[in-house]
Structure formats: structure tokens, C-alpha cells
Amino acid sequence: MGLKDVWNVPPVIGDKLQKRLATKVAPLKKQKVVTDREWTFVKELVSGDGHVTMKEAAIRAGFSPKSAKSIATKLTNPDICPHVVAAIQEYRAELAAKYNTT
């Protein structure tokens, strides 16, 4: 019995978001600086991968619940916020290397 069987929780992140986050963007070092709230959003979204919606991650990062969904969509759009998408990609890679996962 695998972990997936134990939890039996469907992933929250959909195919559309997966495509957006897989889009090639410049490395974070070449992007503008990620703000504290954006970084908190990145950590909430990545560490809660599959269990936290984008809206929930935005609310936990301190964004208004009324606008959290639209802000989360903007933050994960590589055309609007490539620096946040780069941070998400780098943080995912960092956690994957740390915990030896794929």
C-alpha cells in the first residue's frame, strides 16, 4: 500500500496550473526580487502541494480572501509574474533534492 492509497486525496493542482508552472522562465537570479508575501505564497503552495489550493496559499500568505483567487492566478502566470514562477520552480527543485523525490 503506497502513500497515495493511505491518504486517498485527489491532487488539488490541476493540469492547467501544472502547464503554467512548467513553462520555462529565466532563473530567479535574473528576475526581480520576490517580496515577502510572494515568497510566503511560494512556500505555502509548494509545501502543501496537492493539499492546498492556490486561493488557500494566497490567503495564508496574507492576501485578501476576496481577491486571493485572482492574485494567485496572476502569481502563477509566467507572463505576468515570471519571478514568482521561477521561485516556485526553484523551491520545488530544492525540496525534491532535499527529500530525494521526483
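Let's start with a cut-off: a residue is called buried under 20% relative accessible area, exposed over 50%, and partly exposed in between. Keep in mind that this is a predicted model.

**Exercise 1. Work out whether Trp-39 and Tyr-91 are buried, partly exposed or exposed, then describe how their rings meet.**

Step 1: Take Trp-39. Its relative accessibility is 31%, so it counts as partly exposed.

Step 2: Now Tyr-91. Its relative accessible area is 13%, and therefore Tyr-91 is buried.

Step 3: Look for ring pairs. The count of aromatic pairs comes to 1. That pair is Trp-39 with Tyr-91, with 5.3 Å from centre to centre and 70° between the planes. Planes over 60 degrees apart count as edge-to-face, and that's the label for this pair.

Step 4: Place the rings on the chain. Trp-39 belongs to helix α3 (residues 36-47) and Tyr-91 to helix α6; they sit 52 residues apart, so the pair links distant parts of the chain.

**Exercise 2. Find which residues of helix α2 are buried, and explain how they are arranged around the axis.**

Step 1: Go through α2, residues 15-22, and pick out the buried ones: Leu-17, Arg-20 and Leu-21.

Step 2: Check their directions. They cover an arc of only 95° around the axis, which puts them on the same side of α2. Here's the background: an α-helix has 3.6 residues a turn, so residues three or four places apart point the same way.

Step 3: Turn to the face pointing away from the buried side. There you'll find the exposed residues Asp-15, Lys-19 and Ala-22.

Step 4: Ask what lies over the buried residues. The cover includes α4 (54-60), α5 and α6.

**Exercise 3. Describe the setting of His-83.**

Step 1: Locate it: His-83 is part of helix α6.

Step 2: Judge its exposure. With a relative accessible area of 4%, His-83 is buried.

Step 3: Look for a polar partner. The side chains of His-83 and Glu-38 are joined by a polar contact of 3.2 Å.

Step 4: Compare sequence and space. Val-34 is 49 residues away from His-83 along the chain, yet their C-alpha atoms are separated by 6.6 Å.

**Exercise 4. Say which residues of the largest nonpolar core touch the most other members, and which helix gives the most to this core.**

Step 1: The core has 22 residues, and those touching the most other members are Phe-41, Val-42, Leu-45, Ala-58, Leu-75, Val-84 and Ile-88.

Step 2: Sort out the suppliers. At least two residues come from each of α2, α3, α4, α5 and α6, and α6 gives the most, with 5 residues.

Step 3: Zoom in on Ala-58. Skipping neighbours within four places in sequence, Ala-58 is in contact with Phe-41, Phe-63, Ala-68 and Ala-72.

Step 4: Phe-63 has another partner to spot: the charged end of Arg-37 sits over the Phe-63 ring, 4.5 Å from its centre.

**Exercise 5. Trace what Asn-77 reaches and touches.**

Step 1: Find Asn-77 in the loop between α5 (68-75) and α6 (82-99).

Step 2: Follow its side chain, which reaches the backbone nitrogen of Asp-79 at 2.8 Å.

Step 3: List the contacts, not counting residues up to four places away in sequence: Arg-20, Pro-82 and Val-85. You've met Arg-20 already, as one of the buried residues of α2.

Methods: Residues are numbered from 1 along each chain as its sequence is written. This is a predicted model: local features need pLDDT of at least 70, side-chain atom pairs count only at pLDDT 80 or more; totals for chains, interfaces and linings use all residues. Side-chain values use heavy atoms; hydrogens and water are left out. Helices (H or I, at least four residues) and strands (E, at least two) are DSSP runs, numbered from the N terminus. A polar contact is a pair of N or O atoms within 3.5 Å; within protein, one must be able to donate a hydrogen and the other to accept it, and residues adjacent in sequence count only if both atoms are side-chain atoms. Contact means heavy atoms within 4.5 Å. Buried means under 20% relative accessible area, exposed over 50%, partly exposed in between (1.4 Å probe, protein chains only). The arc is that of the directions from the helix axis to the C-beta atoms. Rings of Phe, Tyr and Trp (its six-membered ring) pair if their centres lie within 6.5 Å; planes under 30 degrees apart count as stacked, over 60 as edge-to-face and the rest as tilted. A charge sits over a ring if NZ of Lys or CZ of Arg is within 6 Å of the ring centre and within 35 degrees of the ring normal. A nonpolar core is a set of buried Ala, Val, Leu, Ile, Met, Phe, Trp, Tyr and Cys residues joined through side-chain atoms within 4.5 Å.
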